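Please read these points with the sequence and the structure side by side, and find each residue for yourself as it comes up.

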Amino acid sequence: LLDWLAAEFVRRGWSIKAMHRLMMTSATYRQSSTVTAAHEQLDPENVLCSRMPLTRMDAESLYDTMLLVAGRLDDTRYGPPIALEVRRDGLITPAGTARGWRRMIYVQLQRKLVATHLENFDFPQMNPNCVERRGSTVAPQALHLMNNGMVRRLAEQFARRVRHEAGSDPARQIEWIYLTALSRPPREEEKTLGRAALARLAEEWGKHQIDRDEASRRALTTYCHTILNSAAFLYID
């Protein structure tokens, strides 16, 4: 395969973009990660590339995607890097702009000052020579998505965007959330569970002596926050 790719690289005029296009449009790259009975019998360890391995988004992609679904991604290109802010609680976050936040590729990185989000989600260390990223699944990652103030703020912005685009009907809201965050429509079971969850959340928020509309907004924010914490959002299937 490597010999063939090397020859193809030359044949395509030494174009790296052409090789990327070739690989990413291949049948192998576009496979699903679903494990079937045939996979378990013939290729249990996936050494024959019979399916796409389930992969979590890297730190930069996860950050950018949360900004995108929340409608707070500042897609301005080029220019000077965005500085990092050290908060009183010790967290390090990128500074915002008038339009939201820029992509992580435009955030300034220093050896001794790295955004908390990057450190939690396996951004490679800048001191040693790093030839491959490590991957981990540890408690600080889940705690970051659950408790981080910026993630909660993005969940609020996401919910506000849902209300603006889908209106106040829970069924339409759930469908819009799934299409935007997970790139697929919800299944019937997910629609039923989603409507039940929104109703229960609104009931719980209503116990805090707030009006019905505010309880509905907070319920939707909680639901959006849950979606951002879900494996379906974090992992590329």
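1. In this predicted model, helix H4 is followed by Gly 71, a residue whose phi is positive, near 75 degrees. Gly 71 belongs to the loop that runs between H4 and strand S2, the latter being residues 73-74.

2. Is Gly 71 buried, partly exposed or exposed? Its relative accessible area is 44%, and because buried means under 20% and exposed means over 50%, Gly 71 counts as partly exposed. As for its place in the chain, Gly 71 is 70 residues from Leu 1 in sequence, and the two C-alpha atoms are 42 Å apart in space.

3. The helix before that loop deserves a careful look. H4 covers residues 59-69, and eight of its 11 residues are buried, so the helix is largely enclosed by the rest of the structure. Which residues of H4 are the buried ones? They are Ala 59, Glu 60, Leu 62, Tyr 63, Asp 64, Met 66, Leu 67 and Val 69, and you may wish to mark them on the model before going on.

4. One of these buried residues, Tyr 63, appears again when we turn to empty space inside the model. A search of the whole structure finds one cavity of 30 Å³ or more, and the volume of the largest cavity is about 100 Å³. Its lining is made up of 13 residues, and those lying nearest its centre are Tyr 63, His 117, His 144, Asn 148 and Met 150. The elements that each give two or more residues to this lining are H4, strand S4 (92-94), helix H5 (116-120) and helix H7 (149-166).

5. For the chain as a whole, the secondary structure consists of 11 helices and six strands. The C-alpha trace spans about 70 × 50 × 30 Å along its principal axes. Of the 237 residues in the protein chain, 33% count as buried, a figure that can be read beside the eight of 11 given for H4.

6. Two further values concern contacts and surface. If we take the contacts between residues at least 6 apart in sequence, 54% of them join residues that are at least 24 apart. The protein chain exposes about 15500 Å², and carbon and sulfur atoms supply 54% of that area.

7. Finally, where do the charges lie on average? The chain has 33 positive and 28 negative charges, and the mean positions of the two sets are 5 Å apart.

How values were computed
Residues numbered from 1 in each chain as written. Predicted model: local features only at pLDDT ≥ 70, side-chain atom pairs only at ≥ 80, totals over all residues. Heavy atoms only, no water. Helix = DSSP H or I, 4+ residues; strand = E, 2+ residues; numbered from the N terminus. Buried < 20%, exposed > 50% of the residue type's maximum accessible area, 1.4 Å probe, protein only. Contact = heavy atoms within 4.5 Å. Areas by Shrake-Rupley, 256 points an atom, 1.4 Å probe, with all protein chains shown as cover. Lys, Arg positive; Asp, Glu negative; His and termini not counted. Charge placed at Lys NZ, Arg CZ, Asp CG, Glu CD. 1 Å grid on protein atoms, 1.4 Å probe; cavity = no way out; pocket = protein on both sides within 12 Å on 5 of 7 lines; lining within 4 Å. Points joined across faces, edges and corners; volume = space filled by probe spheres on them.
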